[in-house]
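Hi,

Here is the structure I said I would pass on. Have a look at it first, and my notes follow underneath.

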Amino acid sequence: METKDSFIACPVCKTTHVSPAVPKKDGTFASTCVNCGHFFKFKSVAPYKSSVSFTVNGQAITVGNEYSPSTMLADYLRQSRVSMGTKVFCKQGGCGVCIVVAKMTLNPNDPPITVNLNSCLCPLFMCDGWEITTVEGIGSTKTTMNKVQSTLADYGGTQCGYCSSGHVMNMYGLMQKYPNMTKKDAEDYFEGNICRCTGYRPILDAMKSMVPDSNPDIEDLSNRLCKTTGKRCTSSGRNCEGQCSSRNDTRSIKMVFGDTQWNKPTSMTDLYAMLAQTRGQKCRLLGSNTGTGYFDQENISNFDVVIDISSIPDMYVNTYDAQTGTFTLGACCSLTDLMELFKTEAAKPTDNGNFDQLVKYLYRVASSPIRNRGTWAGNLMMKNKYPSFPSDVFNIMTVLGASLTTGQTAPEVISCDAFFKTDMTGKCLSKATFKGFGANDIVACFKVMPRSQNSLALVNGAFRCSVDKTNGYMVSGKPVISIGGISDSFYFIHVLGDAVAFQYRSGFEVLHDTRPLSSGVQTYDTNKQEWPLNEPLKKIEANIQCTGEAQYTDDLPAMPGQLYAKFVISTQANATVQSINTVEAMKVPGVVKVLTSFDIPAGAENDVSLPTLFTGPSEKEELFCSGKVMFCGQSLALVVAESQEATEKAAKLVTCTYNSIQTPLVSIDAAISAGSFAKKVMPDIVTGDPDQAINSAPHNINGSFHTPEQVHFHMETQATVCFPTEDGLEMVSTTQWPDSVQLAVHRVTGIPEKNIKVSVKRLGGAYGGKITKNNIVAAACGLAAKLTNRPVRMRLSISDNLLMCGRRFPHRFDYKVGFDDNGKLLGIDVHVYEGLGYLENENIVPFFSGNIDSVTTPSAQFMEHVMEKVSNTLNGDAIAIKRANLYMKGQDNRWKKKSLAVTPIKFGMSYNYSMYTMSVMIYGNDGTVSVTSGGVECGQGLNTKVAQIVAYKLGIPVDMISIKGNDTVKNPNNASTGGSVTSEECCKGAAKCCDELIANMKPIKDKMTDPTWMELVTKCYQKMVVLKAEYTVAGTPVDEGGNPFKYFSYGTACTEVELDVLTGEYEINRVDIVYDCGESLNPAVDIGQVEGSFMMGIGNNTTEEVVYDPTTGKMINYDTWGYHAPTNKDIPVDFRVHLLKNAPNPVGFLRSKASGEPPLNMSCSVFYALQNCIREARKDAGVTGDFVFEPPATRDKVQELCMVKPNQFVI
């Protein structure tokens, strides 16, 4: 029987009994009738729930307070191993690797909706009733791949693969939500997905290819069986009729987690009652939680009470009163809902473009997954609590003239301005009302960001006024202006439109609004007769990367007894540690140890520096600071605990006091002024008499030029999983150099290298950032594993990764140049300064000082700068000097400028310190082949090229070959994977192995008649022929007679840029690249390397600025909201890559050339095209002469250099 109103009726005598207590959970209970003595059982349903239930890929899941209230969906999916294809990087909603698709019923009065969302920002306990789909749920290589997965793989849209599942799920969710999406939609709605490898072009091409030009039909993509009912799902995004929704329990939720309460009311009455009960407590109203991505202070763990308001029907009101012309919008309506409302109004003939302005503006707020969950009210609440937050929604609501309803039991209606100043403690923002625009109203919105999309505004504004165009543009009424750091002059150009003089009219044309769909062209040579050599084969890991089945270091299963670790890092540079207090940290439940430099075992070293074989003598690099703090972010201690949550909580409680604090040196100029130099790395290189040549030249110039530092920004952060063995340690690490990790662990633990095994299967991006900087992570895990005799795992957060792990060095070039009337250089004197940080273990000056025009990004940027300066001195005769400016357009256009720049490169490839051991094994029973490699697959296609070479040499299909990971037992004593030469060298080593195997089998083959591969292998196996070969490729050091450059790679990039002078924004309209790859081993892979490398260089030259606190030396933009790697609309609109044809490399392996780093150098063509645009804008402003312009060319820097002043706004 069931209870009713807390009364229980005996099923025999019908006597009514009072329930002893309101049950706190659902269940079956027993009782005895007091009247007749009958024993009976009854079911009871609690008035509220103390757990949440949802499905993941059809699997029903219920969770309660065994998880923390701050647990995000991504954390749960990975900790429970329900979805390891769902990745984690930023935990800010800024990268897209965590995207999943969820079908949810938020408002009981509405049908379910399907959205793609950032699982890293979605609280686990908000998922009640949801149907969640991850990348594993839509397809697998073991069953059938979904079309989105296979298309991305086939188009070469995956390199390291770490971001691929996020791209797949974003597209899958879009096609669920928008069945009639267009190609433009497919390109627009990937603004929240970062890819550091591919350059985006193949990803966008793949996604757009799945959208027909007309009449979209995506049945094959979205129709599937409902995981709940087992029948065909009738859901199609917003048109879902709800028959298969699992949401049928709409009770409120009450849960208690130690210090935090979680409540989920289902009505406004319940909400107001809860607010009244929480007076005096820290209370968080939770509509979606996306704000936590920017404001870490809003983390759920910082509050006593959390009230989830996402299931209150009144919060989803979305109505229009035709009689009064009033829109009413509930506080839980998402930014996507708001955008859809604006789109509907913009489509009406009565709208004169005003709502379309709001649509465009709202599109530039965050990203599609954030807008799908983030609410307009939550955005305003952030503006209320943090006034400096540049809220675009506040501008929108202000220009709409919205009235906001706030309060508790007695709601108050206030304006946006009043709301901005209202104390919202204990209050709720519940709805907004606003009216449409009048016939004469004109609205304009502007937002200038550090990059094209998914960024907070540098300046923003929304403007509205009523203008009578038939009466001399008379303004009636009071204009509405809501701005953040922007002049109102933009608006009036917009109002006047075609009435403005032609040369000024472009002032209201916004570049990003007119950007066409991106496109690309790729051309190359290939010889089908030699395939698989030279075949444009897709990467052999592409499929498993796109299905989420590719395993990365942090995807490894937890081992029994596993501990977690987290660094405690310094908050001050250039100081001395006085004391480290770990007492409070040790009190956190689950904390096992807090390690410092005092825990280094006797006989071991507090040193994780590099091997000396390839780098020469190294300075000591401490695992834990033992006194002098060299930089902000240096490791002080390591917290080791039973859970990741415990490590994070305890790490915050470790305190450090400093003394002898001195001003840190955070720039090259400061270091030079302070005389802070490392020992001289090499003697001066002098050819001829440069002073005489310069002084006697007809023209000479001198100056300084700085090239910036750049964060590697690999999306898989540094990680290690380590476990003790019977005689030492084994570990899997995210390193490009396993041997260096092995040495670091040996030094710190004292365990012999023979008992330390380091392995790596693949890396989720690296770009040089994992050559040495995993040493500290692996050594710390190794030390903790030794001291606890338990497995230890650590993965750095994005902030720790950026603060601790270094970056590409900045440089300063002080120069004097002499040249003739034709611009020919007669003499050059250059002093090169490199910002090494506090150690000189990894300096690269020797690699380019001897050949300043041929190697590395800094030298390429510098030489282009010199040529630009020479051409300017000769009155712009650039064609005769460098053909850098083939044409200039836009001189008659005041506010838009175009320029073309051409940058050639000559990049020396050094093989002097290569050392890679390759092994090829043929299995006698089935003829398949496995290869172990001395190199590491980082996304550069090393494994694919090696497989192709082995298949080519042995005459077998590529799919018979498996490339295994690198480890220090199978392949010891290797050099690091880097310098763009590892793929070639590993291919060469594999080919040598194949030659040996072919020679081993030849006597058997000669006795057979045209045997098949299987017949030959079987016979060789029976005759006990050795079917394994090993070969080590080793270079010759320069000091032993080796050539510093085996060959040179050449290339040229021609770039067209268009600049908005008013805002500093720019579009890269077109890039044409010709690159010399010799006879490419795999043109598809090499073109991907060219495109990705070029885009990384664009970031270095434009958006990726590193900013330091001058007092502490701390990098202050250490996350996805502060550090701006390029997104998919920062790429060239038209991106054309041509591998030079008929250009075999006579000294390269199988006539090929490397493709990784050289193309990056050509990207400075973007910078110099911008410089030309700025020069023209300065001329229009009446400013002539030289000016200082150094990368990165950030929007604010560009705009300031254009010398725009208010008195120039002639209309």
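Y320, F327, F342, F355, F434 and F437 come together as one aromatic cluster. Keep in mind while you look that this is a predicted model. Across the structure I get 31 aromatic pairs. One of them sits in that cluster: the ring centres of F342 and F355 are 5.7 Å apart with the planes at 40°, so this pair counts as tilted. F342 belongs to helix α8 (residues 335-346) and F355 to helix α9 (residues 354-363), so the pair ties together parts that are 13 residues apart in sequence. Both F342 and F355 are buried.

Another pair to pull up is F631 with Y838, which is stacked, at 5.6 Å centre to centre and 25° between the planes. F631 is in the loop between β27 and β28 (635-641), and Y838 is in the loop between β36 (825-834) and α26 (845-848), so here the parts tied together are 207 residues apart in sequence. Are these two rings buried or exposed? Buried would need under 20% relative accessible area and exposed over 50%. F631 comes out at 25%, so it counts as partly exposed, and Y838, at 27%, is partly exposed too.

Still on rings, there are a couple of charges to check. K383 lies over the face of F394, 5.9 Å from the ring centre. R762 does likewise with Y552, also at 5.9 Å from the ring centre.

Next, the strands. β25 (residues 575-581) pairs in the antiparallel sense with β27 (residues 628-629) over 2 bridges, and there T576 has K628 as its bridge partner. β25 also pairs with β29 (residues 655-659), again antiparallel, over 5 bridges. In β29, C656 is the bridge partner of I580.

Last, helix α31 (residues 1013-1022). Which of its residues are buried? They are W1013, L1016, V1017 and C1020. Looking down the axis of α31, these buried residues fall within an arc of 95°, so they line one face of the helix. What do they pack against? The partners are β39 (915-922), β40 (929-932), α29 (942-954) and α30 (982-1006). After α31 comes M1024, which has a positive phi, near 60°.

That is the lot from me.

Cheers

Technical notes:
Residues numbered from 1 in each chain as written. Predicted model: local features only at pLDDT ≥ 70, side-chain atom pairs only at ≥ 80, totals over all residues. Heavy atoms only, no water. Pairing = 2+ DSSP bridges. Helix = DSSP H or I, 4+ residues; strand = E, 2+ residues; numbered from the N terminus. Phe/Tyr/Trp six-rings, centres within 6.5 Å; stacked < 30°, edge-to-face > 60°. Buried < 20%, exposed > 50% of the residue type's maximum accessible area, 1.4 Å probe, protein only. Lys NZ or Arg CZ within 6 Å of the ring centre and 35° of its normal. Arc of directions from axis to C-beta. Contact = heavy atoms within 4.5 Å.
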